[in-house]
Amino acid sequence: MKQSPPMQTRRNTNFFQLLIALLLAATTLHAQSTRPEPERQLAHDIYKQFVEIQSGYSTGSTTPVAEAAAARLKAAGFPDSDIFVAGPIPKKYNLVVRYRGTGVHKPILLLAHTDVVEAKREDWNMDPFQFIEKDGYFYGRGTGDDKAQAAVWIANLIRYKQEGFKPDRDIIVALTADEEGGGPYSGINWLLKNHRDLIDSEYALNEGGWGESLESKKISNDVQVSEKYVINYRFEVHNKGGHSSLPVPDNAIYHLAAALDRLSRFGFPLKTNDVTAAYFKEMAKIETGPTKEDLAKAAAGSQEAMTRLAAATPAFNATLRTTCVATQLEGGHAINALPQLAAAMVNCRVLPEDSADYVTTTLQKVVADDQVSIKILADAAAGPASPMRPDLLKAISETTNKIWPGVPTVPIMVMGATDGKYLRIAGIPTYGVQGFFFDRNDIRFHGRDERMGIQSFYEGQAFLYDLVKQLSTP
Ligand SMILES: [Zn+2]
């Protein structure tokens, strides 16, 4: 545009000045929502190192993750006496580190698990155990679940020490084995049983709650306060059987089928508890569609509103009641014989306030056939909800607003399970909070091409840095 009149040139200059000013402003905003570059770099390096360690719960080992974290902490000046690396078998080590405060309050525990769900190279578009940065994302198994939080806990703890931060309570970080696999080497269970003193705390922060976004718009920062628990049942019918040419009404398959049909038409009572009522109340503020009013009414206890919500989506239904569903079937032994056995597996997801006894007796009433035996398959321990601590929820919502103005903090009860359940049973209230945002329609935990937004990772680091500091500043 060499021939532009002077006026035009001046306008262009103004335009570019404005553009530069806007870019500078954007850079400043950006700087506020993430930690300074050296801290980002440290978190990045630890994250990359963790993701590239193959810690699949059946084929890998968590020990190198625990050792890598310990080496970084020692290099940062943490004394050996405050670092604990051990586990039930050599492949399943855990790390516990204590950053000492003035002891005015009981410690807080920052928990993350270091094992990951298995990932096969052929299922992925890239090597799942290579940390790849591409198109604004970090890719790799564990980038979301749960190595980001593990890396951030360690990086932030090192930063507190460098700053000489004096918390009013000890800050304990525990990186544990085998959350995904459960089973005999669960790190959190092993620590609770063998080294409770190392992790004993007023409450814990853990995975299980994350930020929800939709097409890059941030919707809510979720805090997991409670979990449903699982009871598996086996329904079983035995019968003397006989030749199929002489059928009788008393048939094992028919008994079972009728029982399952009655189950399919039964719904446990709809209700809210402290956590889900708070959840519906917050969701009512966010929701813009036709369910907005029902969410507010359900929060206030309206059965009619709960009924409409439960019918609207499986997620609302599962939030409002205990559910039991048939998942597997077996029965009969020949095409020309009356069945001697028919059986079904029934998987129940139980509200924390419903007891196993209550669920069992309810199922017996629904089935209403004494030929159908109903047995619990494994001991089910209900995890109590964590109390809705106003101080903690206030700190989370203030920190959320500082980094993402206007984004609400929403308490949730989740359908899946985390290590938080074991801590809650052991009397340590646990809150799932991360500040990492994921698109609610593109959650890849346990799936292929697992990833985390690069900006999201650094914002989560800043969020957790501020949150923990606020919870431990005199
Ligand atoms: Zn996890």
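Which residues in H4 meet which residues in H15? Before selecting them, bear in mind that the model on screen is predicted.

**First stop: H4 and H15**

Select helix H4, residues 147–163, together with helix H15, residues 454–471, and look along the place where the two pack at an angle of about 55°, their axes 10 Å apart. The two helices are therefore oblique to each other, and H4 passes H15 in a right-handed crossing. To answer the opening question, show the side chains of Ala148, Gln149, Val152, Trp153, Asn156, Arg159, Tyr160 and Glu163 in H4, which meet Phe457, Gln461, Leu464, Tyr465, Val468 and Lys469 in H15. Sorted by class, this contact of H4 with H15 has eight nonpolar, three polar and three charged residues.

**Second stop: H13, on H15**

Keep H15 selected and add helix H13, residues 390–403, which packs with H15 at an angle of about 140°, the axes being 9 Å apart. Because angles over 145 degrees are needed to count as roughly antiparallel, that angle makes H13 oblique to H15. As H13 passes H15, the crossing is right-handed. From H13, display Leu392, Ala395, Ile396, Glu398, Thr399, Thr400, Lys402 and Ile403, and from H15 their partners Glu459, Ala462, Phe463, Asp466, Leu467, Gln470 and Leu471. The residues in this contact of H13 with H15 divide into eight nonpolar, three polar and four charged.

**Third stop: the zinc ion**

Now centre the view on the zinc ion and select His113, Asp145 and Glu207, whose donor atoms (NE2 of His113, OD of Asp145 and two OE entries for Glu207) lie 1.8 to 2.7 Å from the ion. The angles among the four donor atoms run from 52 to 150°, and the site is irregular. Along the chain, the donors of the zinc ion follow the spacing H-x31-D-x61-E. His113 belongs to strand S3 (residues 108–113), whereas Asp145 sits in the loop between strand S5 (137–139) and H4, so this pair ties together parts that are 32 residues apart in sequence.

**Fourth stop: two backbone details**

Stay at Asp145 and follow the backbone one step onward, where the peptide bond from Asp145 to Asp146 is cis, with omega near 10°. Asp146 lies in the loop between S5 and H4. Next, go to Ser216, in the loop between strand S8 (211–214) and strand S9 (217–227), and check its phi, which is near 65°, a positive value in a residue other than glycine. Both details deserve a look because most residues other than glycine have a negative phi, and most peptide bonds are trans.

**Last stop: H2 and H3**

Finally, select helix H2, residues 37–51, and helix H3, residues 63–75, whose axes come within 10 Å and cross at roughly 155°. H2 and H3 are therefore roughly antiparallel to each other, and their crossing is right-handed. To see the contact, show Leu42, Asp45, Ile46, Gln49 and Phe50 of H2 with Val65, Ala68, Ala69 and Arg72 of H3. By class, the residues of this contact of H2 with H3 divide into six nonpolar, one polar and two charged.

Definitions and conventions. Residues numbered from 1 in each chain as written. Predicted model: local features only at pLDDT ≥ 70, side-chain atom pairs only at ≥ 80, totals over all residues. Heavy atoms only, no water. Axes fitted to C-alpha atoms, helices over the stretch in contact; angles between N-to-C directions. Helix = DSSP H or I, 4+ residues; strand = E, 2+ residues; numbered from the N terminus. Parallel < 35°, antiparallel > 145°, perpendicular 65-115°, else oblique. Left-handed = near helix turned anticlockwise from the far one by under 90°. Contact = heavy atoms within 4.5 Å. Nonpolar A, V, L, I, M, F, W, Y, C, P; charged D, E, K, R; others polar. Donors = N, O, S within 2.8 Å, 3.2 Å for Na, K, Ca; no water. Tetrahedral: all angles 85-135°; square planar, octahedral: opposite > 155°, others 65-115°.
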